[in-house]
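Reader: I am new to this structure. Please take a close look at one part of it, then show me how that part sits in the whole.

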Amino acid sequence: MKKSALRAISWVALLTLISKGLGMVRDILQARAFGTTAEVDLFTAANNATIYLFTTAAYALCLAAVPIFAQRLAKDREEAFRAADTLLTVSLLASFAVTALTLLAGVTGLQGQAVGASGHAFRWYISVMALTLPLIVLTYLLMALFQAMGHYSLQGSLSLLYNIALCGLLLAAGSRMSVASFAIATSVAWFLQLAMTLPCLVRERYRFHFRLDLRAGYLPLYLRTAVVTAFTTAIFLFCYLMDTNMASPMGEGVTSAFYYADKLFTPVITTLIYSIGAVMFPQWSEKHASMADGEYRGYVGGVVESTILLLLPLSALFSVFGVPIIRVLFEGGSFTPESSALTGMVFARYALGMVGFALLDLLAKAYYAMQDTRVPLVVNVGVLAGNFVLNLALMQLCPTPGALAVATSLAMTLGGVVLLAMFLQGRSGVLHPLRLAAGTGLSVILYLVLDLASGALVTAADGKLMLVVKCGALGAAGLLVYLLLMGRACLASFTKS
């Protein structure tokens, strides 16, 4: 069981890495096809307000449903299927209602006032993308059911066909496509994500039946947990949306720079964190039921400590090489060197908050396994408020997009530390302070050395191949030194879980 969990995490992480890698290829092709124009800013804003929010909310529904399914699967398979029917029915009806209201608001807005060409385009994008909501909800709730049944890899592979199809479309016709036609393609392609659940549907013989059982005892808990979880899992999204809103007056292309920085940052951080969560979250629900409270918190704390030690050097690497990474991945076509500089700077600042992101996500799941949503909610509200205050303060000192990204990283890191302290409740012996201090200090030294080395060796005249060689060699050498010194400590708690 101990090593099987590590193997499962590794397998899910590999699939997630492949899927996220294809997603980054898709974003690269999209950037080169459309650049960072005002029209792309409209597409980005509409995507943020619909598909991005929808997937975040649907993932929250998934997290709220997993413990319900897991508890019933331990008793009776058919009871779990009946619960799935009820949760799918309620959630799909709600999604259809939200979609209808969104479409109605868009049509009413277009008919009721003269909004100009940009306003018409924005509402058209919103209407097209709003149609994906029921598909997204159905896909993620099915994933919750199958994750509770042990199909951990589904989360990592969910978007494989989706990304492959869009990459193929952009390669074949990207130079001839309009942004509007690409918006339609991204919405239609969601059927491919739903299709990835078909093998599990066949294997487990699950068939959906409309079941509106409003008296089900687990329904209030599901709805309450889903609402709270939607907020807590979307905390980076809310901070990102706040950043883009405050940065938009700074000039054309700034919103798109944040968009592409997020499109790289989110896959990088979630590849590891969501892989750990996909495997450990169902197990945490079981462990909490069978362990004493202190023993459970220590069990979770060990996993969190190893995660911190794994992420610290990665945060340093991505912070140093943010601009070169963006140059290599995105620059070309309509994505100019100026776009690379701005996007890379934002990405590098976001990378400073990787550990904070991980703490907020993993510890929130640990609380959900305890059926406690209050503590993560309070802390994440504090993160959002703190981000707003830090945004205002840093913008007064340095009114640049990078200041907003730094504020977000600081807010998330502080929030993560506070949540960890609250989870441990002053217990000593759960974490190893000297080990964490050594990992932090070594990562700071790694950042400073790599920053000096890259400043001396990497130039603006370097081509992409040379950037890969120079930055890759420097990063690999730094990461190797860190792993030689801290590698055993990084994996210690995972092998015990």
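Author: Start with the second largest cavity in this predicted model. Helix H17 supplies the largest share of its lining, with five residues. The volume of this cavity is about 80 Å³. Its wall is made up of Thr232, Thr233, Ile235, Phe236, Phe357, Leu360, Asp361, Ala364 and Lys365. Three elements each give two or more of these residues: helix H11 (219-233), helix H12 (235-247) and helix H17 (354-369).

The numbering lets you sort the wall by helix. Thr232 and Thr233 fall within H11. Ile235 and Phe236 fall within H12. Phe357, Leu360, Asp361, Ala364 and Lys365 fall within H17.

Now sort the wall by class. Five lining residues are nonpolar, two are polar and two are charged. Asp361 and Lys365 are the charged pair. Thr232 and Thr233 are the polar pair. Ile235, Phe236, Phe357, Leu360 and Ala364 make up the nonpolar part. So H17 brings both charged residues to this lining.

Stay on H12 a moment. Leucine 241 also belongs to this helix. Is leucine 241 buried or partly exposed? Leucine 241 is partly exposed, because its relative accessible area is 24%, and the partly exposed class runs from 20% to 50%. Setting aside residues up to four places away in sequence, leucine 241 touches Asn48 and Leu53. Leucine 135 is another matter. It is 106 residues from leucine 241 in sequence, and their C-alpha atoms are 24 Å apart in space.

H11 leads to another space, the second largest pocket. That pocket holds about 430 Å³. It has 21 lining residues, and those nearest its centre are Ala57, Leu61, Ala94, Val98 and Val137. Helix H2 (38-73), helix H3 (77-112), helix H5 (133-148) and H11 each give two or more residues to the lining. H2 gives the largest share, seven residues. By class, 18 of the lining residues are nonpolar and three are polar, with no charged ones. H11 therefore has residues in the linings of both the second largest cavity and the second largest pocket.

Next, the count of closed spaces. There are two cavities of 30 Å³ or more. The largest has about 950 Å³ of space. It is lined by 41 residues, and Lys20, Thr55, Tyr140, Lys263 and Thr266 are the closest to its centre. Helix H1 (residues 2-34) gives the most to this lining, with eight residues. Sorted by class, the lining of the largest cavity has 19 nonpolar, 17 polar and five charged residues.

H1 deserves a closer look. Glutamine 30 is part of this helix. Its relative accessible area is 2%, so glutamine 30 counts as buried, the limit being under 20%. What does glutamine 30 contact beyond its neighbours within four places in sequence? Its partners are Gly35, Phe43, Leu170, Phe182, Tyr259 and Tyr260.

Now go to helix H21 (residues 464-496), where leucine 467 is found. Leucine 467 has a relative accessible area of 1%, so this residue is buried. Its contacts, leaving out neighbours within four places in sequence, are Pro324, Arg327, Val328, Val458, Asp462 and Gly472. Arginine 327 is 140 residues away along the chain from leucine 467, yet 8.7 Å separates their C-alpha atoms.

Last, the whole protein. It has 21 helices and zero strands. Its C-alpha atoms fill a box of roughly 65 × 65 × 40 Å along the principal axes. A compact globule of 497 residues would have a radius of gyration near 23 Å, and the 22 Å of this protein agrees with that. Buried residues make up 56% of the 497. Of the contacts between residues at least 6 apart in sequence, 85% join residues at least 24 apart. The exposed surface comes to about 20,500 Å², and carbon and sulfur atoms supply 69% of it.

Technical notes
Residues numbered from 1 in each chain as written. Predicted model: local features only at pLDDT ≥ 70, side-chain atom pairs only at ≥ 80, totals over all residues. Heavy atoms only, no water. 1 Å grid on protein atoms, 1.4 Å probe; cavity = no way out; pocket = protein on both sides within 12 Å on 5 of 7 lines; lining within 4 Å. Points joined across faces, edges and corners; volume = space filled by probe spheres on them. Helix = DSSP H or I, 4+ residues; strand = E, 2+ residues; numbered from the N terminus. Rg over C-alpha atoms; globule rule 2.2 N^0.38 Å. Buried < 20%, exposed > 50% of the residue type's maximum accessible area, 1.4 Å probe, protein only. Contact = heavy atoms within 4.5 Å. Areas by Shrake-Rupley, 256 points an atom, 1.4 Å probe, with all protein chains shown as cover.
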